[in-house]
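Here are a few short exercises to work through with the structure open beside you. Try each task before reading the solution.

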Amino acid sequence: MKELLKTIGHVVFKMPVGFVVTIKHLFKKPVTRDYPKHKMPMSPRYRGRHYLERYDDGTERCVCCGLCAAACPADAIYMEPEESDKGERRAQLYEINLLRCIFCGFCEEACPEEAIFLGQEYEFSDDNRNSFLWTKEDMLVPHPRQDNPFKRIIRRVRKVYGIPDKTK
Amino acid sequence: MLEAVIISSAKILLLVVAVLTGCAYSTYMERKVVARLQHRMGPTYAGPYGLLQPLADAVKLIFKEDIVPSRVERVIFALAPVISFVPALLTFVVVPFGPEIELFGHTIQMVGTDLNIGILFVFAVTSLGVYGIVLAGWSSGSKYSLMGGIRSSAQMISYEIGYGLSIIGVILVANTLSLRELVDQQASFGSWMIWRQPVGFLLYLTCAIAETNRAPFDMPEAESELVGGYHTEYSSMRFAMFFMGEYANMLAVSAIGATLFFGGWHGPILPPVVWLVLKVVAFMFFFIWLRATFPRFRYDQLMNFGWKVLFPLALLNTMVTAALVML
């Protein structure tokens, strides 16, 4: 009898409270980010994939000095030097093993030529290990830099009509 | 004769298709509603708002490998999912979903078959479903499955009595066992059975949740304790049968609840079938809401609850109702 009354008390006084708590949450917005469709804004200091920079005329900044490879705690960088047509030293082979890389950014700090940068991209999943061995060709920024088509059109118009570019 | 066969076949086909689609979309509804209650989004990828998710699930389950462990009792192992699924479908045969209609000069009753002992049939058939679970648990040859099966049988013993007694009050008031007549008696909002049998309704609801193994009485499954309970060893379509059986059972219990206490298909403006579906959806929403709200009962708590609370309360309700009817 005692148990019966106690249970009835629970049903009448305590269960509705629980129901109210959960139903309140039904009308709140989901906290989920629908990831591939809506991406989180990345911090400007985020260290993603590597880029190899160029000079404005398109020659590579990297001189294959090996400081990045020396600074790399994960030993992920391998390079072999060669001499260009102009007689300058540059990398013949420059590989970063992204599976070894811990994205610490030490290479970026070590580089005396400001040639290597860590960008914002973080989606490089693949289905075989070999494709994570990135070479110079994978990392070099394209030349000329690919801006959005609108900017390219403006640049073309400027060139044709001789309008000076104030941003430079 | 031939006409009767054709009409019956058409009705059965309609019912089966409706129930299977209902099962599929109640999984969708469950996932969506539980997700929203937990600040998640639920399925969004398959089709607009993830509406094709049940279809994707079905295709996935069909193409899964059908694994039969070496230590199972093969015949019973194969039979158990069917035993748990078919009774759930059978229940819908007696649920009325509309008034009589005239079609090509025939009077067609909008109910699978108008049994004069409809309620008795429902309760006989839904109880059969438990055998599927018990046999699945026993034949799997796995300790988790066996535990699930045993829990299910214990749960059934504790709840079946309260379940049966909870509707005796309704029968006493209505003075009929036919679901069609019951619905006819509840034509207006004021004559709904829930106003005359509120305690009976609460008892029915509680026992129905236990009967369908829903949270917080989902001990036979108890993912966190028993892996998957009775269906641990099942895969592919055999598992899907259990899954569909569970949802079909929920739908059945909702439909019977709507018919017994909420006037079945009666309602203004909208067509009768829509009203029944709306009432069933309301029930389903409550089940999902309940699942998102309360944690699972412990084994002994459940037995205590069944025997010391539900059973006496159901008896009391029956006695009081009987006395009032006599007066």
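**Exercise 1.** Among contacts in chain B between residues at least 6 apart in sequence, what percentage join residues at least 24 apart?

*Solution.* Keep in mind that this is a predicted model. In chain B, the share of such contacts that link residues at least 24 apart is 76%. Now put chain A through the exercise: there, 68% of the contacts between residues at least 6 apart join residues at least 24 apart.

**Exercise 2.** Describe the overall build of chain B, going from its elements to its dimensions and surface.

*Solution.* Start with the secondary structure: chain B has 13 helices and two strands. Next, take the dimensions: the C-alpha trace spans about 60 × 50 × 45 Å along its principal axes. Then test the chain against a compact globule. A globule of 327 residues would have a radius of gyration near 20 Å, and because chain B has 20 Å, the two agree. Turn to burial: 49% of the 327 residues of chain B are buried. Its accessible surface is about 15300 Å², with 72% belonging to carbon and sulfur atoms. Finish with charge: chain B carries 20 positive and 20 negative side chains, and the centres of these two sets are 9 Å apart.

**Exercise 3.** Work out which strands of the open sheet in chain A stand at its edges.

*Solution.* First, set out the chain: chain A has five helices and five strands, and they follow the pattern α-β-α-β-β-α-β-β-α-α along the sequence. Second, find the sheet: three strands form it in the order S2-S3-S5, with antiparallel pairing. Third, read off the edges: S2 (77-83) and S5 (133-134) of chain A each have a single partner strand, so one side of each lacks a neighbour in the sheet. As a check on one pairing, S3 (residues 89-97) and S5 of chain A are joined by two bridges in the antiparallel sense. Here A:Asn97 stands opposite A:Leu133 in S5(A).

**Exercise 4.** Is A:Val141 buried or exposed, and which residues does A:Val141 touch?

*Solution.* Locate the residue: A:Val141 sits in the loop between helix H4 (136-139) and helix H5 (149-161) of chain A. Its relative accessibility is 7%, so A:Val141 counts as buried, the cut-off being under 20%. Leaving out residues up to four places away in sequence, A:Val141 touches A:Tyr51, A:Leu52, A:Glu53 and A:Arg54. For A:Glu53, the C-alpha atoms are 5.9 Å from each other, although A:Val141 and A:Glu53 are 88 residues apart in sequence.

Terms used. Residues are numbered from 1 along each chain as its sequence is written. Chains are lettered from A and ligands numbered from 1 in the order in which they are written. This is a predicted model: local features need pLDDT of at least 70, side-chain atom pairs count only at pLDDT 80 or more; totals for chains, interfaces and linings use all residues. Side-chain values use heavy atoms; hydrogens and water are left out. Helices (H or I, at least four residues) and strands (E, at least two) are DSSP runs, numbered from the N terminus. The radius of gyration is taken over C-alpha atoms; the globule rule is 2.2 Å times the number of residues to the power 0.38. Buried means under 20% relative accessible area, exposed over 50%, partly exposed in between (1.4 Å probe, protein chains only). Contact means heavy atoms within 4.5 Å. Accessible areas come from the Shrake-Rupley method with a 1.4 Å probe; for residues, only the protein chains shown count as cover. Lys and Arg count as positive and Asp and Glu as negative; His and the chain ends are not counted. The place of a charge is taken as NZ of Lys, CZ of Arg, CG of Asp or CD of Glu. Two strands pair if DSSP finds at least two bridges between them.
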